[in-house]
Amino acid sequence: MYTMNQLTIIGFAGNDAEAHYTPNGTLVVTISVATKESWKDADGNWQSRTDWHRIVSFGKQAEFTRTLTKGSYVMVQGAVRTREYERDGVKHRIVEVRADTIGKLDRAERRAEAEGEPDTGDA
């Protein structure tokens, strides 16, 4: 039997990346990515919903992830994981994406990086 846990998210970073190290020295970087869905309701009015996704990366992938800033347009691919912890007697459950790959989709910034020039914001 074949099973697969692979997710692709394209959205915008809601915060600057946050980095820390595990006790054994592994770099761990988290970032929150927003995706938005829009539709017309039965009355013809536009509705929308934003979902926030916790993205976690490790090691070499984390080195790139730590350069991401709020508003970065990104594509993330990875596995969905859940974990639980207890704090002050209360159990918490976290759902996160363990990133295999993260790519920056900001065209103006990618073009400037490729040309070796700073991004001026012109598109």
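pLDDT is the predictor's confidence in each residue, on a scale from 0 to 100. That score is a good place to begin, since this is a predicted model. Across the protein chain pLDDT averages 89, and 87% of the residues reach at least 70. Residues 118–123 are another matter: pLDDT stays under 50 there. For that stretch the model has 7 contacts beyond four places in sequence. Where pLDDT is low, the predicted coordinates should not be read in detail.

## Strands and their pairing

Let's start with β5, which has two partners described here. β1 runs antiparallel to β5, and 6 bridges join the two. Within that pairing, Ile9 sits opposite Val76 of β5. On to the next partner: β5 also pairs with β6, again in the antiparallel sense, over 14 bridges. One opposite pair to look for here is Glu86 and Lys91, the latter in β6. What do β5 and β6 form, and how many residues lie between them? They make a hairpin with 2 residues in between. Asp88, in the turn, has a positive phi of about 55 degrees.

## The nonpolar core

The largest nonpolar core has 15 residues. Those touching the most other members are Ile31, Val33, Ile55, Val74, Val76 and Ile102. Two or more core residues come from each of β1 (7–13), β3 (27–40), β5 (73–87) and β6 (90–104). Which element gives the largest share? That would be β3, with 4 residues.

Val76 is worth a click in your viewer. Leaving out residues up to four places away in sequence, Val76 touches Leu7, Thr8, Ile9, Ile55, Val97, Ala99, Thr101 and Ile102. Among these neighbours, Ile9 is the residue standing opposite Val76, while Ile55 and Ile102 are on the list of core residues that touch the most other members.

## Thr35 and its neighbours

Thr35 belongs to strand β3. Is Thr35 buried or exposed? Its relative accessible area is 19%, and because buried means under 20%, Thr35 counts as buried. The Thr35 side chain makes a polar contact with the side chain of His53, at 2.8 Å. Setting aside residues up to four places away in sequence, Thr35 touches Ile9, Ile10, Gly11, Arg49, Thr50, Asp51 and His53. Two of those neighbours, Arg49 and Asp51, form a salt bridge with each other, which brings us to the charged side chains.

## Salt bridges

Searching the whole structure turns up 6 salt bridges. Here are some of them, with the distance between the closest N and O atoms and the relative accessibility of each partner.

| Pair | Closest N and O atoms | Relative accessibility |
|---|---|---|
| Arg49 and Asp51 | 3.0 Å | Arg49 47%, Asp51 26% |
| Glu63 and Arg66 | 3.8 Å | Glu63 42%, Arg66 37% |
| Arg93 and Glu84 | 3.2 Å | Arg93 57%, Glu84 54% |

How do those accessibilities translate? Arg49 is partly exposed, and Asp51 is partly exposed too. Glu63 also counts as partly exposed, as does Arg66. For the remaining pair, the cut-off for exposed is over 50%. Arg93 at 57% is therefore exposed, and Glu84 at 54% is exposed as well.

There is also a salt-bridge network to find, and it links Arg54, Arg83, Glu96 and Arg98.

Conventions
Residues numbered from 1 in each chain as written. Predicted model: local features only at pLDDT ≥ 70, side-chain atom pairs only at ≥ 80, totals over all residues. Heavy atoms only, no water. Core = buried A, V, L, I, M, F, W, Y, C linked by side-chain atoms within 4.5 Å. Buried < 20%, exposed > 50% of the residue type's maximum accessible area, 1.4 Å probe, protein only. Contact = heavy atoms within 4.5 Å. Salt bridge = Lys/Arg side-chain N within 4 Å of Asp/Glu carboxyl O. Polar contact = N/O pair within 3.5 Å; in protein donor to acceptor, adjacent residues only side chain to side chain. Pairing = 2+ DSSP bridges.
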